[in-house]
Amino acid sequence: MSVLYLTAGAIKNGLVCDEQRQQCRDLSFGYNEDVITYPDKVEVQKEKLIFWHRNRDEYLVWDKLIAQQHLEEISHLIPNPLKNRTMGGQIKLDGFSYKGIKENKYQGCDHKQYHFLAEDVDSADLVVTLHTFQCATVDEWKKQLTQKAEISSCKENAKRWWNGYFDKSYILIDMDNEDSDWFEISRNYQLFRYMLGCNYYGEYPTKFNGGPVYF
C-alpha cells in the first residue's frame, strides 16, 4: 500500500480568515491601505488534484498604480497583465485514488493534507502540469490546462526536447569531485540553464531573481 500526501498551507492568526489574509510585507511605496492576498482554490478528482489562483478584478494593484500615477485618462491604452489572469496547475497520479482531507498544523501554520492511496503499486508516474493565462472564466482555464496536460504527459517527447536543449552547449567542470568549488559552479550554471529552459515558451522573460520559481 502506498500513500501520497499533498499539503496546502495557510497561516491563521488575527489577520487571517478563510477568504483573505493580511500581506506580511513591509510596505514602503507610499500605499497606506491594507494589502490583501486571497487563498488558492483546490479541486480534487479521482486521480488528480487541480489548484489555481485567479486575480480578483475588483482589487488589482494595476488600478492602484494607474491612480497613483494619475493615468486614468489614458488607462484604456495601457495593457493590464493582471486582469482575468489565472495561474496554477494539476498533479496527476496514475494508479492512485483520492481518499480524503486531513487538517493539521506545522510550525504554527494550519494546513490541509489531500490523501491519495494506491494498493499493490511498486512504481507510479506523477505528472505536474502548470498553466498561466488571461481568460474570461476559470472553466476556460481548466479546459486549456487539460489540453496542456495531455501534451505534457508524453515523456518521450519531453526527453527528446531536453536532450536537444542541453546538447546545444554545456560546461562541465571537475565532475569527479562533487566537493570542489568548480563542480558547484558548473552545477549552478546547469541549474540556471534548466530554469531558463522551463520558461522557453513563456509569455514573459525569466525573472532574474528566482526564475520560474519566483513569487
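Two rings of Phe, Tyr or Trp (for Trp, the six-membered ring) count as a pair if their centres lie within 6.5 Å; planes under 30 degrees apart make the pair stacked, over 60 edge-to-face, and anything else tilted. By that rule, ring pairs join Trp161, Trp162, Tyr165, Phe166, Tyr194, Tyr200 and Tyr201 into a cluster, and that cluster is a good place to start looking.

A word on what you're looking at: this is a predicted model, where local features need pLDDT of at least 70 and side-chain atom pairs count only at pLDDT 80 or more, while totals for chains, interfaces and linings use all residues. Residues are numbered from 1 along each chain as its sequence is written, and side-chain values use heavy atoms, with hydrogens and water left out.

Now for the overall layout. The chain has four helices and nine strands, where helices (H or I, at least four residues) and strands (E, at least two) are DSSP runs numbered from the N terminus. Going along the sequence, you meet them in the order β-β-β-β-β-α-β-β-β-β-α-α-α.

Back to the rings. The structure holds 12 aromatic pairs. Take Trp161 and Tyr201, a tilted pair with 6.2 Å between centres and 50° between planes. Trp161 belongs to helix 3 (residues 155–167) and Tyr201 to the segment after helix 4 (181–198), so this pair ties together parts 40 residues apart in sequence. How open are these two to the outside? Trp161 is partly exposed at 28% relative accessible area, and Tyr201 is exposed at 67%. Here buried means under 20%, exposed over 50%, and partly exposed in between (1.4 Å probe, protein chains only).

Next come Tyr165 and Tyr200, which meet edge-to-face, 6.1 Å centre to centre and with 90° between the planes. This pair also links distant parts of the chain, with Tyr165 in helix 3 and Tyr200 in the segment after helix 4, 35 residues apart. Tyr165 is buried, with a relative accessible area of 9%, whereas Tyr200 is partly exposed at 42%.

Tyr165 has another partner: the charged end of Arg193 sits over its ring, 5.0 Å from the centre. (That label needs NZ of Lys or CZ of Arg within 6 Å of the ring centre and within 35 degrees of the ring normal.)

Zooming out, buried residues make up 23% of the chain's 215 residues. Of the contacts (heavy atoms within 4.5 Å) between residues at least 6 apart in sequence, 59% join residues at least 24 apart.
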